[in-house]
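Me: Please examine the model displayed below. I should like to discuss its packing in a series of questions.

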Amino acid sequence: IPGFEDGVVGMEVGSTKDIPLTFPDNYGNADLAGADVVFTVTLNALKEAATPELTDEYVASLGNGLSTVEEYKNDVRQTIADSYESSRNDTIEQSLTQQVIANATIKGAPSGFTDRLLSTLMDEITETATNAGVEPGMVASYYYGVSQDNYEEELKNFVNDNLIPNYMVFGAIAQKEGIEVSDADIDADITEMLASNNSDMTVEEYKEQIGDVESYREYLTIMKTIEFLKDNAVITEEQ
């Protein structure tokens with residue numbers, strides 16, 4: 001929040017200070033956007049960052065399985081490359097999705113489709129909130145930028161403006177191109193997801209937990225369709 005750092009300048013260790021600030025109008029939490037607030041800050045300690053000398057001994061002390069400066073540099077280089085590639089893929093997917101949706105004509109969602117997508121979204125939000133011990137409105141606000149007090153109504157708009165176009169357009173492309181997601185594809189994706197989260201849950205237990213496996217199939221179909229479009233798109237890199 002602009003002004004916070006300026007507010008703590010000059011404080012002494014052990015002192016407490018009220019810092020009046022205003023959240024930005026475009027703040028992610030709609031309930032706080034543009035709001036005047038007061039932060040009560042206690043300065044517990046002052047520390048100065050010291051950059052250690054990059055040596056083999058220092059690298060070995062990090063406990064990350066690396067033992068030499070050269071190994072460390074290669075690891076950092078690979079991390080940066082992976083981060084760039086991930087960011088590049090995200091940008092391509094967003095641009096591709098926007099262009100496909102913008103050039104599509106949507107005449108209306110099938111009866112009950114909006115309600116089903118909204119119900120699935122609400123179930124996910126409720127489960128996340130329950131696991132975190134917070135109110136569903138807080139989860140909805142954090143992930144979708146809606147207000148906590150009116151999140152259900154605003155999520156309906158999110159479904160109509162975002163999910164419906166995606167599901168209908170990419171679903172139509174998948175049907176035309178014969179893109180399908182088999183039961184084996186679903187099991188493989190869940191297995192990979194559980195492994196990445198170090199979960200000891202079985203595939204069948206996860207399916208039982210989510211309940212609506214067909215919604216999961218629809219989601220994977222969209223992801224598979226986007227990959228198909230990426231593979232067949234002419235991508236122009238901007239410098």
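The exchange that follows concerns the nonpolar cores and helix contacts of this predicted model.

Me: Which element gives the most residues to the largest nonpolar core?
Reply: The largest nonpolar core has 23 residues, of which Val100, Leu155 and Phe170 touch the most other members. Two or more residues come from each of α3 (69-102), α4 (113-132), α5 (136-144), α6 (151-177) and α9 (213-232). The element that gives the most, with 8 residues, is α6.

Me: How many residues does the second, separate core have?
Reply: Apart from the core just described there is a second, separate one. Its members include Leu194, Val203, Val213 and Leu220. The number of residues in this second core is 9.

Me: Are α4 and α6 oblique or roughly perpendicular to each other?
Reply: The axes of α4 and α6 come within 9 Å and cross at roughly 120°. The crossing of these two helices is right-handed. Angles of 65 to 115 degrees count as roughly perpendicular. The angle of α4 to α6 lies outside that range, and the two helices are therefore oblique.

Me: How many nonpolar residues does the contact of α4 with α6 have?
Reply: Among the residues meeting here are Leu118, Leu121, Met122 and Ile125 in α4, and Leu155, Phe158 and Val159 in α6. Leu155 itself touches Leu118, Leu121, Met122 and Ile125, among others. By class, the contact of α4 with α6 has 2 polar residues, 2 charged residues and a nonpolar count of 14.

Me: Is Phe158 buried or partly exposed?
Reply: Phe158 lies in helix α6 and touches Leu121, Tyr144 and Leu163, leaving aside residues up to four places away in sequence. Buried would require under 20% relative accessible area. The relative accessibility of Phe158 is 21%, so this residue counts as partly exposed.

Me: What separation do the C-alpha atoms of Phe158 and Gly145 have?
Reply: Phe158 and Gly145 are 13 residues apart along the chain. In space, their C-alpha atoms are separated by 9.9 Å.

Me: How many charged residues does the contact of α3 with α9 have?
Reply: The axes of α3 and α9 come within 10 Å and cross at roughly 95°, and the helices are therefore roughly perpendicular to each other. The contact is made by Asn89, Ile92, Glu93, Leu96, Thr97 and Val100 of α3 with Ile226, Glu227, Leu229 and Lys230 of α9. These residues divide into 5 nonpolar and 2 polar, with the charged ones numbering 3.

Definitions and conventions
Residues numbered from 1 in each chain as written. Predicted model: local features only at pLDDT ≥ 70, side-chain atom pairs only at ≥ 80, totals over all residues. Heavy atoms only, no water. Core = buried A, V, L, I, M, F, W, Y, C linked by side-chain atoms within 4.5 Å. Buried < 20%, exposed > 50% of the residue type's maximum accessible area, 1.4 Å probe, protein only. Helix = DSSP H or I, 4+ residues; strand = E, 2+ residues; numbered from the N terminus. Contact = heavy atoms within 4.5 Å. Axes fitted to C-alpha atoms, helices over the stretch in contact; angles between N-to-C directions. Parallel < 35°, antiparallel > 145°, perpendicular 65-115°, else oblique. Left-handed = near helix turned anticlockwise from the far one by under 90°. Nonpolar A, V, L, I, M, F, W, Y, C, P; charged D, E, K, R; others polar.
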